[in-house]
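Good morning, and thank you for coming. I should like to take you through the way two chains meet, and then turn to one part of the surface.

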Amino acid sequence: MDVLNVEYMLGLVPVLLRYLPLTLQLAGIGMVLALILACLFAVIRVLRIPVLNQLTIVFISFFRGTPLLVQLFLFYYGLPQLFSALTVIDGITATIMGLTMHFAAYMAESIRAAIVGVDRSQTEAALSIGMTNGQLMRRIVLPQATRVALPTLMNYFIDMIKATSLAFTLGVTELMGATQKEAAGSFLYFEAFIVAAIMYWIVVELLSKLQNYLETRLNKAYNR
Amino acid sequence: MKTRLIHALLAISLLTSTPLLAQDKPLRVGMSGQYFPFTFVEQDELKGFEVDIMNALGEEMGRDIQYETANFSGLFGMLQSGRIDTVANQITITDERKKAYVFSDPYVYDGAQVVTKKGNTDIRRVEDLKGKTVAVNLGSNFEALLVELPYADQITIKTYESNLERDTALGRVDAFVMDRVSASQIIKEKPLPLELAGPTFSQITNAYPFHDTEAGRALRDEVNKAMATLRDNGTLASISEKWFGTDITKP
């Protein structure tokens, strides 16, 4: 077995750190957009808005039913072939589009489940004291649904951060792409990829801490 | 008053001389950044023979070069969809590719080479690949070369995005096929137990593919002109000497 080239690993840390912001940016923007889209889908599904409900079902079915990599290739390589104007979709945009739609499809279902999961008696009680539908949603249902949905949503966010590593296949040099190039140049694969792995790991660990904090806060009302 | 007139004249000259304007647009060049020593990354810096040649061409043309790196198999997709103007990644001229693109003059003459793990005595030439598993880069011309062999049905071809050298050294495949120049250079400079297996088995010529459009052909002509100058003044030869210790830019 070859000896680990620790010096090379340490030298790689500042180089790879330069690409971490792009990775976080892809995941961050993707998550915000996916959340908005997912909430929209969830509301459409819960209220069973005609036409939109059917469209949403098809959308969710497609984006949950196909691999993210296939979707990214479709957006980036496929669409410009049909409509040459869509060449303006660059690698970063295509990645964000892919992450948004893919994860919105998953998150919509868990948000819907969280809303439906709020006990019916809560709704009845709210309506009995004269709350409007809007008040009912804002004050009673959504706060309780958020608490239920939070762990799974954070799970998806973590998954999304790692999924950004597919962006390199579209020519976006984020953390994984930079690592792959450094590894191919030095032929020191283990060293390069373990440095990248540890970086992803640290980011995800920090997020888990944030999740614990948020959960404790949201659970306050239940801890007596 | 005088300056205003000059400005007006300048504006008119700028508007009428569109070729000049086009000149200012950077040439968008795609490469994998994963093909040592032609295009590779070290400490975040894109380097290699391809980069040096392209920079020299850019300087000669008075045009900035904008590098786009992506996996090799994605490069032609990026070219096809108009995101880059050409690919500088040891692109071999083939009939198949000629149908879709126009090629510049060749700037590398090389051969296809079988490479095995050091100490492998089973494989000494391309005929010995019968019954073996052979790695090639996905979308590369070497895959096509293997498929064209009369005994191709007896070879198991495995395609890679990158890292095929490592897999050969690990013994996951029996051999890989690559151009002779990069293979020799990898063996010489990198810590992998590999060796060349016999002579090259097919002549390959590398050039830059451009879109088969008016703009693409104009770019190609511009590159050809700059390349001829660099060939005559010895720049091409000296870049090749720097990386390979030999001139691979001549037939």
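Between chain A and chain B, an area of about 2,200 Å² is buried, and carbon and sulfur atoms give 50% of that area. On the side of chain A, the residues that lose the most area to chain B are A:K181, A:F187 and A:Y189, which together make up 29% of what that side buries. Please keep in mind that this is a predicted model. As for the residues taking part, chain A brings 25 to the contact and chain B brings 26.

Let me turn to the polar side of this interface. There are 10 residue pairs in polar contact between chain A and chain B, both residues being at pLDDT 80 or more. The count of salt bridges between the two chains is 1. That salt bridge joins A:R18 to B:D44, with 2.6 Å between the closest N and O atoms.

Which helices of chain A each supply at least two residues to the side that touches chain B? They are α1 (6–17), α4 (68–82), α8 (175–186) and α9 (189–219). The largest share comes from α8(A), with 6 residues. By type, the residues on this side of chain A divide into 13 nonpolar, 8 polar and 4 charged.

Finally, I come to the surface. A:V43, A:L47, A:I49, A:V51, A:L52 and A:L55 make a nonpolar surface patch of about 540 Å². Two elements of chain A, α2 (20–47) and α3 (52–65), give two or more residues to this patch. A:L52, for instance, lies in helix α3 of chain A. Thank you for your attention.

Methods
Residues are numbered from 1 along each chain as its sequence is written. Chains are lettered from A and ligands numbered from 1 in the order in which they are written. This is a predicted model: local features need pLDDT of at least 70, side-chain atom pairs count only at pLDDT 80 or more; totals for chains, interfaces and linings use all residues. Side-chain values use heavy atoms; hydrogens and water are left out. Contact means heavy atoms within 4.5 Å. Buried area is the accessible area (1.4 Å probe) that two parts lose on being put together, summed over both. A salt bridge is a side-chain nitrogen of Lys or Arg within 4 Å of a carboxyl oxygen of Asp or Glu. A polar contact is a pair of N or O atoms within 3.5 Å; within protein, one must be able to donate a hydrogen and the other to accept it, and residues adjacent in sequence count only if both atoms are side-chain atoms. Helices (H or I, at least four residues) and strands (E, at least two) are DSSP runs, numbered from the N terminus. Ala, Val, Leu, Ile, Met, Phe, Trp, Tyr, Cys and Pro count as nonpolar, Asp, Glu, Lys and Arg as charged, and the others, Gly among them, as polar. Patches are made of residues with over 30% relative accessible area and no salt bridge: like charges are joined within 9 Å, nonpolar side chains (Val, Leu, Ile, Met, Phe, Trp, Tyr) within 5 Å. Accessible areas come from the Shrake-Rupley method with a 1.4 Å probe; for residues, only the protein chains shown count as cover.
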